[in-house]
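These are my working notes on a single chain, kept in the order in which I looked things up. I began with one residue and then moved on to a helix, the pockets and the backbone.

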Amino acid sequence: MTNDDLIKRRLQSVAKGVSQIHPFYVDKAENATIWDVEGREFIDFSGGIAVLNTGHLHPNVKQAVITQLDRFSHTCFMVLGYESYIEVCEKVNELVPGSFAKKAALFTSGSEAVENAVKVARAYTQRSGVIAFTSAYHGRTLAALALTGKVSPYSKGMGLMPGGVYRADFPCILHGISDDDAIASIERIFKNDADPSDIAAIIIEPVQGEGGFYIASPAFMKRLRALCDREGIVLIADEVQTGAGRTGTFFAMEQMGVCADISTFAKSIAGGFPLSGITGRATMMDCIQSGGLGGTYGGSPIACAAALAVMETFKQEKLLERACEIGKRMKQSLIDMQNDHPQIADIRGLGAMVAIELMEEGTPQPDYCRQILIEARERGLILLSCGTYGNVLRLLVPLTAPDWQIDKGLSILKISFDTILP
């Protein structure tokens, strides 16, 4: 079986709308290494889009899943409960910042977590409007897509998304938007579009994911928290990509100086198995009656077993500290590259959530970004791009990757920059 064989089969059987960044097919993977069906080896700096903070098939996660499979695979928690669901909720409630009483609910995908967070906010406030930010990514299901701040390719050709969503500016000094500008854009919504009494929630990624890894400052978060408190608005932190230790704390909001009312989580929480959820103030979470939250596969016993193993692995292997070490290592290497390549306009990141923005005299360079991504792949390194203009390279190496492999990946990236001229 070759990659070309599978590409032909894909074209015949898989919907065009399902994208695929890299044109090869995986045969096996371990930690930060992937082998394709033709036996080629790659270093994985994508982590399944931030899903594999503990690497591919971490032994602890693998064993936990095997052990659970020997007991049972599914009951639907809403029919017959099991301890692991409760234990995941207990542990995440402890990890999400905030000294208030918390409760949680588990689902399957990040989009589900986001939509259920909005449901809770609407039920609690008895309001329906939501404010999201430019370049935000909150998912691809219909209501989540209304919150996502990028039309192409996510909603292009699908008509207008559900209403009641208003767009504020995300603060980004590189693109000329200060904290003051961002707050002013929210106040402008209150003046022009919706009274604060109509807004149930403001949802924000502490570090934007698909939007380009722009980091909200603690000062901005404090102002946003104060605004929400003033107007009785629920503050939702979408930690689907920033969560599970990627930024050097288990949740990025720990570094922001304030707490959200509701937090979403997914991706790396279960080490590659589908699990998501929301944790929030108990008074808010309990405002929806029994049966109003849930899903057939939400909080799968297999995924819960994996999540408990992930959280234990973070303690055993000190992966939060490791995330900070990796971030420093990567940024220093990238700064050295920047000296020779002025097209690297910005290097940023929180912990090991690191990005490179490529620009030429202030103009985004998506084609250059794409060429670097392809050159790196041909040399054995898997990267992802992101950003409103597609000009940002994001580095999401598993936190369990050894130093030598990280350095090898960074060396490939440097050679790629040296080879491809803008």
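Does V114 count as buried or exposed? I looked up its accessibility in what is a predicted model, and V114 counts as buried because its relative accessibility is 1%, where the limit for the term is under 20%.

Entry on V114. I placed V114 in helix 5, and I then listed what V114 touches once residues up to four places away in sequence are not counted: H138, A144, L147, I203, D238 and T264. I also took one long separation, between V114 and A376, which lie 262 residues apart along the chain and whose C-alpha atoms are separated by 34 Å.

Entry on helix 11. I checked the length of this helix, residues 319-340, against expectation: at 1.5 Å a residue its 22 residues should span 32 Å, and the end C-alpha atoms are 32 Å apart, so the two agree. I then asked which residues of helix 11 are buried, and I found L319, R322, A323, I326, G327, M330, S333, L334 and M337. These buried residues cover an arc of only 145 degrees around the axis, which puts them on the same side of helix 11. The general background is that an α-helix has 3.6 residues a turn, so residues three or four places apart point the same way. On the other side of helix 11 I noted K328 and N339 as exposed. For the cover over the buried residues of helix 11, I recorded that it includes helix 10 (301-316), strand 11 (344-350), strand 12 (353-360), strand 16 (392-395) and helix 13 (403-419).

Entry on the largest pocket. I read its volume as about 1400 Å³, and of the 49 residues that line this pocket, those closest to its centre are I49, R140, Y154, E210 and R394. Helix 5 (110-125), helix 12 (366-378) and strand 15 (384-386) each supply at least two residues of the lining, and the largest share, six residues, comes from helix 12. I sorted the lining of the largest pocket by class and obtained 21 nonpolar, 17 polar and eleven charged residues.

Entry on the second largest pocket. Here the volume is about 450 Å³, and of the 22 lining residues, F77, Y85, A104, A105 and L293 are the closest to the centre. Helix 4 (83-95) and strand 4 (102-107) are the elements that give two or more residues to this lining, with the largest share, five residues, coming from strand 4. By class, I recorded the lining of the second largest pocket as twelve nonpolar, seven polar and three charged residues.

Entry on the backbone. I looked up phi with the general expectation that most residues other than glycine have a negative value. L57, a residue other than glycine, has a positive phi near 50 degrees, and I located L57 in the loop between helix 2 (47-50) and helix 3 (59-69). A244 is not a glycine either, yet its phi is positive at about 60 degrees; I located A244 in the loop between strand 8 (234-238) and strand 9 (262-265). I checked its accessibility as well, and at 2% relative accessibility A244 counts as buried.

Definitions and conventions
Residues are numbered from 1 along each chain as its sequence is written. This is a predicted model: local features need pLDDT of at least 70, side-chain atom pairs count only at pLDDT 80 or more; totals for chains, interfaces and linings use all residues. Side-chain values use heavy atoms; hydrogens and water are left out. Helices (H or I, at least four residues) and strands (E, at least two) are DSSP runs, numbered from the N terminus. The expected span of a helix is 1.5 Å times one less than its number of residues. Buried means under 20% relative accessible area, exposed over 50%, partly exposed in between (1.4 Å probe, protein chains only). The arc is that of the directions from the helix axis to the C-beta atoms. Contact means heavy atoms within 4.5 Å. On a 1 Å grid over the protein atoms alone, a cavity is a set of points where a 1.4 Å probe fits but cannot get out, and a pocket is an open set with protein on both sides within 12 Å along at least five of seven lines; lining residues have an atom within 4 Å of a point. Grid points are joined across faces, edges and corners, and a volume is the space filled by probe spheres set on the points. Ala, Val, Leu, Ile, Met, Phe, Trp, Tyr, Cys and Pro count as nonpolar, Asp, Glu, Lys and Arg as charged, and the others, Gly among them, as polar.
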